[in-house]
Amino acid sequence: MLLCLLISLSLVLYSSFFVIPPSLLHPPISLSGIPFEGGIRALCWKVLLNYLPLDQTMWDSFLKKQREGYSQFLKEMIIQPGIAKANLGLSREDVTMEDHPLNPSPESKWNNYFRDNEVLLQIDKDVRRLYPDMAFFQWPTDYPCQLILDPQNDYETLRCRVEQTTLKAQTVDRNRSGVTNVSSPGKALNLYPSNEYEVLPNGCEAHWEVVERILFIYAKLNPGIAYVQGMNEVVGPLYYTFATDPNDKWREHAEADTFFCFTNLMSENRDMFIKSLDDSQCGITYKMESVYSMLKEKDMELYIKLQEQNIKPQYFTFRWLTLLLSQEFLLPDVIRIWDTLFSDQDRFNFLILVCCAMLVTTPSQMSTPSWPRPSSFRTGHSHPYLPSPFLGWGGEDATLN
């Protein structure tokens with residue numbers, strides 16, 4: 001299989017570039033793939049991403065503290081100013097002479113609220129199309145956030161906030177008889193598949209809504225980077241792995257655990273999302289050039305060919321590196337690659353090695369105008385959440401090699 005070849009070649013490149021200590025000559029099982037059974041993969045990822053402490057006796061108290069902290073984030077950050085007071089018939093204390101919806105002051109709560117809406121709309125647009133060839137993210141979660149959905153509390157869903165913020169354009173047609181037809185251009189052009197915007201019953205929420213909430217909280221807590229398009233592709237495999245954990249005890253808290261693991265992963269990867277750092281040693285430009293430098297060392301003929309054809313690394317490695325290859329492979333393969341990626345201490349050096357291996361294994365395809373595209377590296381795995389009509393695949397569980 002191409003995936004096995006890529007990972008094997010990456011490990012070979014790794015061993016040729018770095019001196020491996022004797023203690024690592026027999027790598028842990030996670031470097032060769034982590035089994036899904038029994039929730040082992042989800043648990044290992046939480047340890048490898050420095051979320052769970054190595055001392056297992058600390059897990060209960062640590063997890064309780066972290067999950068309570070996440071609940072507090074929800075209380076503080078996902079609340080529309082004044083909505084609860086208005087619904088209860090009380091005075092609108094949030095609208096004053098000093099602070100009102102038209103107040104341009106940077107310190108205005110309303111000004112911050114409208115800025116948050118701009119970020120939220122971008123997140124909403126991205127998460128709704130997360131892994132569109134899978135049904136999983138459109139399915140309702142078994143553990144909706146009661147803190148948000150309970151009608152007795154003071155909070156609203158982000159779904160309602162988006163619906164209230166978005167202005168929906170409509171097309172008005174009038175025929176000779178004067179009959180007027182009002183239609184949505186998006187619906188007329190079939191821009192929005194019915195399953196993409198399917199509304200679930202009250203008290204339910206889809207998995208994509210959970211991912212949306214995670215990204216919104218992250219953007220609020222990290223205003224320096226906020227949300228950058230593509231972060232949804234990074235958080236998706238994390239959430240999927242935790243939300244499909246066979247252990248109900250862990251799966252119930254998939255949202256909070258995903259948030260903290262995503263935060264830890266972004267703490268290592270965030271520099272590649274910050275434009276002002278592009279040309280620094282920790283920025284994306286340096287990483288992209290590193291791929292070509294390694295390729296030059298390992299395959300001079302291919303390197304010269306790319307140079308002659310003026311194929312620059314930013315044409316394709318930008319997406320590969322920032323999204324951790326999450327768009328280049330099917331989700332089961334992405335998860336298998338991440339097993340090895342998370343297991344290596346120099347995980348982003350290993351990512352560069354995988355990118356180099358991808359170039360070395362597909363030289364014949366580079367002359368085609370459509371290269372590179374995600375299908376260049378995808379293989380025909382079946383998947384438990386892929387409806388059978390998609391690509392002719394069955395619905396059996398995927399076997400990750």
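## Helix packing and salt bridges

Helix 9 crosses helix 10 in a right-handed manner (the near helix is turned clockwise from the far one by less than a right angle). The model is predicted, with local features needing pLDDT of at least 70 and side-chain atom pairs pLDDT 80 or more, while totals for chains, interfaces and linings use all residues. Residues are numbered from 1 along each chain, and side-chain values use heavy atoms, without hydrogens and water.

Helix 9 covers residues 207–221 and helix 10 residues 231–243; their angle is about 125° and their axes are 10 Å apart. Helices here are DSSP runs of H or I with at least four residues. The two are therefore oblique to each other (angles outside under 35, 65 to 115 and over 145 degrees). Among the residues in contact (heavy atoms within 4.5 Å) are Val-210 and Ile-214 of helix 9 and Val-235 and Tyr-239 of helix 10.

The whole structure has ten salt bridges, each a side-chain nitrogen of Lys or Arg within 4 Å of a carboxyl oxygen of Asp or Glu. Three of them are listed below.

| Pair | Closest N and O atoms |
|---|---|
| Lys-46 and Asp-257 | 3.5 Å |
| Asp-116 and Lys-220 | 2.6 Å |
| Glu-205 and Arg-213 | 2.8 Å |

Lys-46 lies in helix 2 and Asp-257 in helix 12, so their pair ties together parts 211 residues apart in sequence. Lys-46 is buried at 1% relative accessibility, and Asp-257 is buried at 0% (buried means under 20%, exposed over 50%, partly exposed in between, with a 1.4 Å probe and protein chains only). Lys-220, at 32%, is partly exposed.

Definitions and conventions. Axes are lines fitted to C-alpha atoms, for helices over the stretch in contact, and angles run from 0 to 180 degrees between N-to-C directions.
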